[in-house]
Amino acid sequence: MVEITETVLRDGHQSLIATRMRTRDMLPAAERLDAIGYRSLEVWGGATFDVALRFLREDPWERLRSLKKAMPRTPLQMLLRGQNLVGYRHYPDDVVRKFVAESARQGIDIFRVFDALNDPRNMEVALDAVRRAGARAQGTICYTQSPVHTLPAFVDLGRRLAELGADELCVKDMAGFLPPTEGAALVRALVKEVGLPVVVHTHSSSGMSTMTCLAVAEAGATAVDSALSPFSGGASQPPTETLVGAMQHTPLDPKLDLNALADLASYFATVLEKYRPLLNLRSLQTDPGILTHQVPGGMLSNLLSQLQEQDALGRLTEVLAEVPRVRADLGYPPLVTPTSQIVGIQAVLNVLTGGRYRQVTKEVRDYVRGLYGTPPAPIDPELKSKVLAFGEPAITGRPADLLPPEFEKMLGEVRALVPAADDAEALSYALFPVVYRSYRSAVDRGLTSDVLTSAALGVVGALRAPAPTPGVPAAEGGSSGGGSIWAHEGRARLQNQRRWIDASHHRSGR
């Protein structure tokens with residue numbers, strides 16, 4: 001039997017609609033999700049924390065509490081970026097321990113801990129904190145392909161994670177190019193040599209994910225990740241219903257009810273309709289080119305945005321050719337947050353500035369100095385010499401050892417803003433000080449999640465409303481098309497709330 005980790009509430013919408021699903025659209029399905037019999041539900045971590053505060057004006061901790069209350073039976077899971085937590089830099093050990101303990105207290109049962117460089121030193125404190133919190137520690141191997149990422153190397157990393165206290169292992173194929181045969185061989189080796197349960201996470205970008213999930217299941221994987229069909233495929237995971245159907249009535253059968261899954265898929269299809277303006281067609285397309293350039297879907301979206309800002313979309317082919325060269329120069333880091341951004345931005349600069357490393361980003365300089373950890377392979381000597389010529393010394397120890405404790409300082413600062421702030425709010429502030437200040441300011445002005453939803457509904461309705469038909473009265477012409485209901489609801493909500501919003505703005509202007 002193979003178990004299923006459902007990603008529709010985290011990676012599914014992160015991969016397809018930029019992590020914009022709101023808690024209010026999750027909760028109506030919570031009871032049914034909880035009754036399915038999943039191994040776990042991935043509901044938190046990754047980009048959800050940042051996006052909730054920055055764009056949705058939601059408290060990510062409140063989301064976690066609400067989901068835990070609504071789904072008490074199924075273990076809840078999160079993605080944790082090792083020493084980076086859910087942010088984009090290394091945080092001090094005291095912040096890491098506080099964050100893990102608070103996350104476990106508020107509802108996280110399984111922590112998938114990874115590091116962008118597969119550097120165990122960047123995972124050890126988080127893994128220890130998970131164990132101390134009484135939760136399940138899932139040590140993660142970021143899968144990639146390079147001359148140094150061999151089967152023995154991955155097995156050695158698995159052994160090291162087991163030594164650090166991992167309860168189980170995850171093979172994280174963030175770009176979606178893990179071949180079925182290689183995936184099966186890796187799972188068999190990890191099960192045999194390390195002896196821990198192995199979970200496999202992949203993406204559908206290259207079109208291989210469903211085949212790979214079946215292959216690793218046959219090879220002995222304990223579980224695989226999938227997303228309910230409306231939020232599956234392309235840059236997301238393979239569809240849950242398809243995998244369950246493919247394994248039904250076999251020794252691998254996950255024993256999940258396809259009718260119940262279909263009912264949930266129908267619900268999330270209606271949710272997707274709300275967010276369809278955020279759905280980029282490219283994120284749903286199969287791109288076998290990833291087998292050569294290894295650029296994950298999220299990284300490709302960032303590259304496209306950067307090139308579009310420079311009116312240089314026509315140079316995408318050059319940038320995709322430059323990405324593997326930059327990656328080789330930097331010692332073959334796996335392309336996952338934050339290394340995907342580090343490599344991608346530098347590749348764009350190398351192409352657009354007319355010379356390789358004519359400009360070097362601060363992030364590349366920090367990376368070369370060792371502030372992100374130890375790369376899988378040596379850095380190009382010429383690039384290293386150029387970077388270190390800036391006068392900043394290289395470091396060889398664990399990067400977080402250079403960071404002084406920070407939590408008590410952040411607690412004091414956030415209580416200057418919110419006198420009754422608890423540890424959770426202090427952690428939000430510690431991770432994203434500028435974003436948290438903006439979030440608190442918006443909430444204090446009444447720009448809550450409901451108000452922003454109302455505004456968004458009105459905009460979506462206006463965008464979707466059909467163009468007037470000559471000779472047809474407006475009321476009749478507006479009765480067709482999918483946007484009129486949304487436009488009406490958005491206008492109604494905004495009308496009801498306008499007086500409050502205006503009053504809030506008036507108060508803030510005094």
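# Briefing: a parallel barrel and its packed helices

Phe111 stands opposite Ala137 in strand S5, and this pairing belongs to a predicted model in which four bridges join strand S4 (residues 110-113) to S5 (residues 136-142), the two strands running parallel. The wider setting is a closed barrel of eight strands with parallel pairing, which runs S1-S2-S3-S4-S5-S6-S7-S8. Neighbouring strands of this sheet are turned by 30° against each other on average, direction ignored. The points below take up strand pairing, helices on the sheet, the contact of two helices, and aromatic rings.

**Strand pairing in the barrel**

- Strand S1 (residues 3-6) and strand S8 (residues 223-226) run parallel and are joined by four bridges, with Ile4 standing opposite Val224 in S8.
- S1 also pairs in the parallel sense with strand S2 (residues 40-45), here over two bridges, and Thr5 has Ser40 as its bridge partner in S2.
- Strand S6 (residues 168-172) is joined to S7 by four bridges, and these strands run parallel; the bridge partner of Leu169 in S7 is Val198.
- Within strand S7 (residues 198-201), Val198 and Val200 point one way while Val199 and His201 point the other way, and all of these residues are buried.

**Helices packed on the sheet**

- Helix H5 packs on the sheet, where it touches S2 and strand S3 (76-80), and the direction of H5 makes about 165° with that of S2.
- Helix H9 (residues 180-193) likewise packs on the sheet, touching S5, S6 and S7, and the direction of H9 makes about 155° with that of S7.

**Contact between helices H4 and H5**

- The axes of helix H4 (residues 48-56) and helix H5 (residues 60-70) come within 9 Å and cross at roughly 120°.
- On the H4 side the contact is made by Thr48, Phe49, Ala52, Leu53 and Leu56, and on the H5 side by Pro60, Trp61 and Arg63.
- By residue character, the contact of H4 with H5 divides into six nonpolar residues, one polar and one charged.

**Aromatic pairs and the cluster around Phe49**

- Counting ring pairs whose centres lie within 6.5 Å, the model holds 15 aromatic pairs.
- The pair of Phe49 and Trp61 is edge-to-face, because the ring centres are 5.7 Å apart and the planes stand at 85°, where an angle over 60 degrees counts as edge-to-face.
- Since Phe49 lies in helix H4 and Trp61 in helix H5, this pair ties together parts that are 12 residues apart in sequence, and both Phe49 and Trp61 are buried.
- Phe49 also forms an edge-to-face aromatic pair with Phe99, at 5.9 Å centre to centre and with 65° between the planes.
- This second pair links distant parts of the chain, with Phe49 in helix H4 and Phe99 in helix H6 (residues 93-106), 50 residues apart, and both Phe49 and Phe99 are buried.
- One aromatic cluster is formed by Trp44, Phe49, Trp61, Tyr88, Phe99 and Phe432.

**Charges over rings**

- The charged end of Arg20 sits over the ring of Phe55, at 4.1 Å from its centre.
- Lys172 lies over the face of Phe114, at 5.2 Å from the ring centre.

Notes:
Residues are numbered from 1 along each chain as its sequence is written. This is a predicted model: local features need pLDDT of at least 70, side-chain atom pairs count only at pLDDT 80 or more; totals for chains, interfaces and linings use all residues. Side-chain values use heavy atoms; hydrogens and water are left out. Axes are lines fitted to C-alpha atoms, for helices over the stretch in contact, and angles run from 0 to 180 degrees between N-to-C directions. Contact means heavy atoms within 4.5 Å. Ala, Val, Leu, Ile, Met, Phe, Trp, Tyr, Cys and Pro count as nonpolar, Asp, Glu, Lys and Arg as charged, and the others, Gly among them, as polar. Rings of Phe, Tyr and Trp (its six-membered ring) pair if their centres lie within 6.5 Å; planes under 30 degrees apart count as stacked, over 60 as edge-to-face and the rest as tilted. Buried means under 20% relative accessible area, exposed over 50%, partly exposed in between (1.4 Å probe, protein chains only). A charge sits over a ring if NZ of Lys or CZ of Arg is within 6 Å of the ring centre and within 35 degrees of the ring normal. Two strands pair if DSSP finds at least two bridges between them.
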